[in-house]
Amino acid sequence: KLSATERRAVGQATTQLTARKKEQGIFAHYHPQHPKIKIIRIKERGGHAKPYQANYPLHASAPGFTNDGQYAVLTLFFPEFFHSSDAAYVLTRRRGHWEVLCRGFVTYA
């Protein structure tokens, strides 16, 4: 459960996230740099993407930050097939790295 301070921080970061999304949209596509991560796209599996299917399995928005830079809200969208999903993460900066305070997922059936 988030404290009152954390809830205010989430509100501030969400306001910035919304503004950045309107200005920048979502990142083009997720391209992992690590050689052990392989994304197999629909067309690489020999299939043809339907309008409701994604050729890229993950879309991310630029995160929103609090004014002090100690909290962030990040949203992800997984547009696979009929059952796409949204995820939201609330992060805090502690001891020099980001930690997840809470997360939420919505799957559309």
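**Exercise 1. Determine the pattern that the chain follows when read along the sequence.**

Solution. Read along the sequence, this predicted model follows the pattern α-β-β-β-β-β. The secondary structure accordingly comes to one helix and five strands, where helices (H or I, at least four residues) and strands (E, at least two) are DSSP runs numbered from the N terminus. Because the model is predicted, local features need pLDDT of at least 70 and side-chain atom pairs count only at pLDDT 80 or more, whereas totals for chains, interfaces and linings use all residues. Residues are numbered from 1 along each chain as its sequence is written, and side-chain values use heavy atoms, with hydrogens and water left out.

**Exercise 2. State what share of the 109 residues is buried, and what share of the contacts joins residues at least 24 apart.**

Solution. Begin with burial, which is defined by relative accessible area (buried under 20%, exposed over 50%, partly exposed in between, with a 1.4 Å probe and protein chains only). By this criterion, 30% of the 109 residues are buried. Turn next to contacts, meaning heavy atoms within 4.5 Å: of those between residues at least 6 apart in sequence, 42% join residues at least 24 apart.

**Exercise 3. Describe the surroundings of serine 85 and decide whether serine 85 is buried or exposed.**

Solution. Locate the residue first: serine 85 lies in strand E4, which covers residues 85-94. Its relative accessible area is 13%, so serine 85 is buried. Leaving aside neighbours within four places in sequence, serine 85 is in contact with Leu76, Phe77, Phe78, Val106, Thr107 and Tyr108. With threonine 107 there is also a side-chain to side-chain polar contact at 3.1 Å (a pair of N or O atoms within 3.5 Å; within protein, one must be able to donate a hydrogen and the other to accept it, and residues adjacent in sequence count only if both atoms are side-chain atoms).

**Exercise 4. Classify the aromatic pairs of the structure and place their members in the strands.**

Solution. The structure holds two aromatic pairs, for which rings of Phe, Tyr and Trp (its six-membered ring) must have centres within 6.5 Å, with planes under 30 degrees apart counted as stacked, over 60 as edge-to-face and the rest as tilted. In one of them, phenylalanine 65 and tryptophan 98 have ring centres 6.0 Å apart and planes at 45 degrees, so the pair is tilted. Since phenylalanine 65 lies in strand E2 (residues 64-65) and tryptophan 98 in strand E5 (residues 97-107), this pair ties together parts 33 residues apart in sequence. Phenylalanine 65 is partly exposed at 28% relative accessibility, and tryptophan 98 is partly exposed at 33%.

Tyrosine 89 and phenylalanine 105 form an edge-to-face pair, with 6.0 Å from centre to centre and 85 degrees between the planes. Tyrosine 89 belongs to strand E4 and phenylalanine 105 to strand E5, so the parts tied together are 16 residues apart in sequence. Tyrosine 89 is buried at 19% relative accessibility, whereas phenylalanine 105 is partly exposed at 48%.

**Exercise 5. Find which residues glycine 64 touches, not counting residues up to four places away in sequence.**

Solution. Glycine 64 has its place in strand E2 and, at 0% relative accessibility, counts as buried. The residues that glycine 64 touches, with that exclusion, are Ala13, Gln16, Leu17, Tyr71, Ala72 and Val73. As a last step, compare sequence with space: glycine 64 and valine 90 are 26 residues apart in sequence and 9.7 Å apart, C-alpha to C-alpha.
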